[in-house]
Amino acid sequence: MKILLTGASGQVGYQLERSLQALGEVVAVTRAQMDLSDLGQVRDVMRTLRPGMVVNAAGYTAVDRAEREPALAFRINAEAPGLLAREAAALGAPMVHYSTDYVFDGHKSGAYVETDAANPLNVYGQSKLAGEQAVAAGGGAHLILRTSWVYGTRGDNFLTTMLRLAAEGAALRVVSDQAGAPTWSRSVADTTALMLAQAQAGGPGWWQQHGGIYHVASAGQTSWHGFAEAIVAEAGIDCTVAPITSDQWPATATRPRNSVMHCGRLTQRFCRLPDWREALRLCLG
Ligand SMILES: NC(=O)C1=CN([C@@H]2O[C@H](COP(=O)(O)OP(=O)(O)OC[C@H]3O[C@@H](n4cnc5c(N)ncnc54)[C@H](OP(=O)(O)O)[C@@H]3O)[C@@H](O)[C@H]2O)C=CC1
Ligand SMILES: Cc1cn([C@H]2C[C@H](O)[C@@H](COP(=O)(O)OP(=O)(O)O[C@H]3O[C@@H](C)C(=O)[C@@H](O)[C@H]3O)O2)c(=O)[nH]c1=O
């Protein structure tokens, strides 16, 4: 089976290109071959390639910049995934799409379940919620995997930023009033592959029974400050991390204070991701 993978240069996409190999022929396209802001090109690629499955790991992920570029964020995160979903449905191809903890407003005191009402606080979250809705409205078989605080040793992310700042000897100041679950990009990719292997074995009725939204995040929770402290500790860097409040960090976009997601639906049917601290250890090991 031909699997169209978008966003292969990104954190999750890079891992997916490896994790999906066992499932079929992975055709990884870059922005140069399929720019999600160009809907005509998206349609052309889908109609030329005619994939048997679409895994959309591309996304507009610049949370602060999205406040200044809402139209572009919505085109890439909502309109293009909607088009991919409609084109995939026309081909009878299932689609996997990724979403975010930032669809929630953070006002809940416990962990969010899949059926909790979404109410994003920022443009990025709004565009991702619109993307979820567009993929579901596409009418085909789909999985929407919401993950959170993704990191890895490649590219720009919170882990690599903290390691760089600590190595430069910078005084680390990190917000301690936002709770979430840091999630290793490899955990997301491996979980996706595990779910899709079961889908392939399950036959046509599988998507009807098991499709829809899943929360896919590390077990446990921490704050960005707790994550930063763990990063320097695991990396063996002698450096203090000062806790600050969100108000003390200059940010354009408002982030949810609590975006911890309950992963019970995933755990009951498929697997449990490692605890965030254990995953960090594995990532840096
Ligand atoms: N990062 C995180 O903390 C979280 C991410 N997610 C979601 O997971 C998914 C994957 O995110 P992640 O891997 O972390 O993101 P990255 O920012 O690491 O990668 C994004 C990918 O999308 C590609 N991309 C961006 N714009 C376009 C475009 N116009 N056309 C084609 N490709 C484009 C990038 O290509 P290029 O290299 O050319 O820019 C890159 O390959 C996204 O849907 C994201 O919203 C969910 C929760 C947390
Ligand atoms: C670099 C840095 C950030 N911060 C704060 C800013 C922010 O509140 C928090 C996280 O910063 P970042 O900008 O790395 O993270 P942010 O862009 O908010 O990360 C989000 O990205 C999108 C794509 C998602 O989907 C989310 O799940 C989440 O991972 O830490 C500090 O307090 N000190 C620092 O030195």
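**Close-up views of the predicted model**

**View 1. The surroundings of ligand 2.** In this predicted model, 18 residues are found around ligand 2, and of these Thr61, Val63, Thr100, Val175 and Trp224 come nearest. Sorted by class, the shell around ligand 2 comprises 10 nonpolar residues, together with 5 polar and 3 charged ones.

**View 2. Secondary-structure elements that line ligand 2.** At least two residues of the shell around ligand 2 are supplied by each of two elements, namely helix H5, which spans 158–167, and strand S7, which spans 172–175. The element that gives the most to this shell is S7, whose share amounts to 3 residues.

**View 3. The packing of helices H8 and H10.** Helix H8, formed by residues 224–234, packs with helix H10, formed by residues 276–284, at an angle of about 40°, and the axes of the two helices are 10 Å apart. Because angles that are neither under 35 nor over 145 degrees, nor from 65 to 115, count as oblique, H8 is described as oblique to H10. The crossing of these two helices, H8 and H10, is right-handed.

**View 4. The residues in the contact of H8 with H10.** On the side of H8 the contact is made by Ala230, Ile231 and Glu234, while H10 contributes Arg277, Leu280, Arg281 and Leu284. Divided by class, the residues of this contact between H8 and H10 are 4 nonpolar and 3 charged, with no polar residue among them.

**View 5. The annotated span.** According to the UniProt annotation, taken from an unreviewed entry, residues 1–284 are covered by "domain: RmlD-like substrate binding". Within the span of residues 1–284, helix accounts for 41% and strand for 16%, and the end C-alpha atoms lie 34 Å apart.

Definitions and conventions: Residues are numbered from 1 along each chain as its sequence is written. Chains are lettered from A and ligands numbered from 1 in the order in which they are written. This is a predicted model: local features need pLDDT of at least 70, side-chain atom pairs count only at pLDDT 80 or more; totals for chains, interfaces and linings use all residues. UniProt positions are given in the numbering used here, feature names are shortened, and annotations may be inferred rather than shown by experiment. Helices (H or I, at least four residues) and strands (E, at least two) are DSSP runs, numbered from the N terminus. A residue is near a molecule or strand if its C-beta atom, placed from the backbone, lies within 6 Å of it. Ala, Val, Leu, Ile, Met, Phe, Trp, Tyr, Cys and Pro count as nonpolar, Asp, Glu, Lys and Arg as charged, and the others, Gly among them, as polar. Axes are lines fitted to C-alpha atoms, for helices over the stretch in contact, and angles run from 0 to 180 degrees between N-to-C directions. A crossing is left-handed if the near helix is turned anticlockwise from the far one by less than a right angle, and right-handed if clockwise. Two residues are in contact if their C-beta atoms, placed from the backbone, lie within 7 Å.
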